[in-house]
Amino acid sequence: VLGQEVARQLKCRFIFVEKEEGKLVLRRGFKIPAGERLLVVEDVVTKGGRVQETMEIVRSLGGIVAGVAMAVDRSKSNQLY
C-alpha cells in the first residue's frame, strides 16, 4: 500500500516484487526496461535483506535504483543506547 501511494503522489507507475518459494521475483507481467530509474519503497525494514534483494532484481534487469525509501526502520543499528 505504501509503495502504491508513493507512486500515485509522484505520478509514476507502480510495480512490486513478490515471494515465490522464499525468494523475491518480478511477476504479473511487470517489466523493467533497461535504463529505467526506480525508487524502491519498503514499509518496514528490519535487516534490509528484502530491500537488497529487490535492488539486485532491478539491476539484473538493467534498471537503475534511484533511491530507497522506508517508513519504519526496526534494525538494531539505529537504536539509541
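What pattern does the protein follow when read along the sequence? The pattern is α-β-β-β-α-β. The legends below refer to a predicted model.

**Figure 1. Overall view of the predicted model.**
The protein contains two helices and four strands, and the sequence runs through them in the order α-β-β-β-α-β. Along the principal axes, its C-alpha atoms fill a box of roughly 45 × 30 × 20 Å. Of the 81 residues in the protein, 25% are buried. The exposed area comes to about 6100 Å², and 54% of that area is supplied by carbon and sulfur atoms. Among contacts between residues at least 6 apart in sequence, 60% join residues at least 24 apart.

**Figure 2. The largest pocket and its lining.**
The volume of this pocket is about 800 Å³. Its lining is made up of 31 residues, and F14, I15, F16, L39 and V41 are the closest to the centre of the pocket. Two or more lining residues come from each of these elements: α1 (2-10), β1 (17-20), β2 (23-26), β3 (37-45) and α2 (49-60). Strand β3 gives the largest share, with seven residues. Sorted by class, the lining holds 21 nonpolar, three polar and seven charged residues.

**Figure 3. E18 and its polar contacts with two arginines.**
E18 is part of strand β1. Is E18 buried or exposed? Its relative accessible area is 14%, so E18 counts as buried, the limit being under 20%. The E18 side chain makes two polar contacts shown here: one with the side chain of R27, at 3.4 Å, and one with the side chain of R28, at 2.8 Å. Not counting residues up to four places away in sequence, E18 touches K23, L24, V25, R27 and R28. R28, one of these partners, belongs to the loop between β2 and β3.

**Figure 4. Two loop residues with positive phi, E21 and R28.**
Most residues other than glycine have a negative phi. E21 has a positive value, near 55 degrees, and R28 has one near 60 degrees. Where do these residues lie? E21 is placed in the loop between β1 and β2, whereas R28 is placed in the loop between β2 and β3. E21 has a relative accessibility of 81% and therefore counts as exposed. R28 also counts as exposed, because its relative accessibility is 58% and the class begins over 50%. The side chain of R28 is the partner of the E18 side chain in a polar contact of 2.8 Å.

**Figure 5. K23 on strand β2.**
K23 lies in β2 and has a relative accessibility of 54%, so K23 counts as exposed. Which residues is K23 in contact with, leaving aside its neighbours within four places in sequence? They are E18, R50 and E53. E18 sits in strand β1. A second pair for this view is K23 and R37, which are 14 residues apart in sequence. Their C-alpha atoms are 23 Å apart in space.

**Figure 6. T54 in helix α2.**
T54 has its place in helix α2, one of the elements that give two or more residues to the lining of the largest pocket. With a relative accessibility of 15%, T54 counts as buried. Leaving aside neighbours within four places in sequence, T54 is in contact with V17, L24 and V40. L24, one of these contacts, is also among the residues that E18 touches.

**Figure 7. K76 in the segment after β4.**
K76 lies in the segment that follows β4 (64-73). Its relative accessible area is 63%, so K76 is exposed. How far is the C-alpha atom of K76 from that of K47? The separation is 8.3 Å, for two residues that are 29 apart along the chain.

Technical notes: Residues are numbered from 1 along each chain as its sequence is written. This is a predicted model: local features need pLDDT of at least 70, side-chain atom pairs count only at pLDDT 80 or more; totals for chains, interfaces and linings use all residues. Side-chain values use heavy atoms; hydrogens and water are left out. On a 1 Å grid over the protein atoms alone, a cavity is a set of points where a 1.4 Å probe fits but cannot get out, and a pocket is an open set with protein on both sides within 12 Å along at least five of seven lines; lining residues have an atom within 4 Å of a point. Grid points are joined across faces, edges and corners, and a volume is the space filled by probe spheres set on the points. Ala, Val, Leu, Ile, Met, Phe, Trp, Tyr, Cys and Pro count as nonpolar, Asp, Glu, Lys and Arg as charged, and the others, Gly among them, as polar. Buried means under 20% relative accessible area, exposed over 50%, partly exposed in between (1.4 Å probe, protein chains only). A polar contact is a pair of N or O atoms within 3.5 Å; within protein, one must be able to donate a hydrogen and the other to accept it, and residues adjacent in sequence count only if both atoms are side-chain atoms. Contact means heavy atoms within 4.5 Å. Accessible areas come from the Shrake-Rupley method with a 1.4 Å probe; for residues, only the protein chains shown count as cover.
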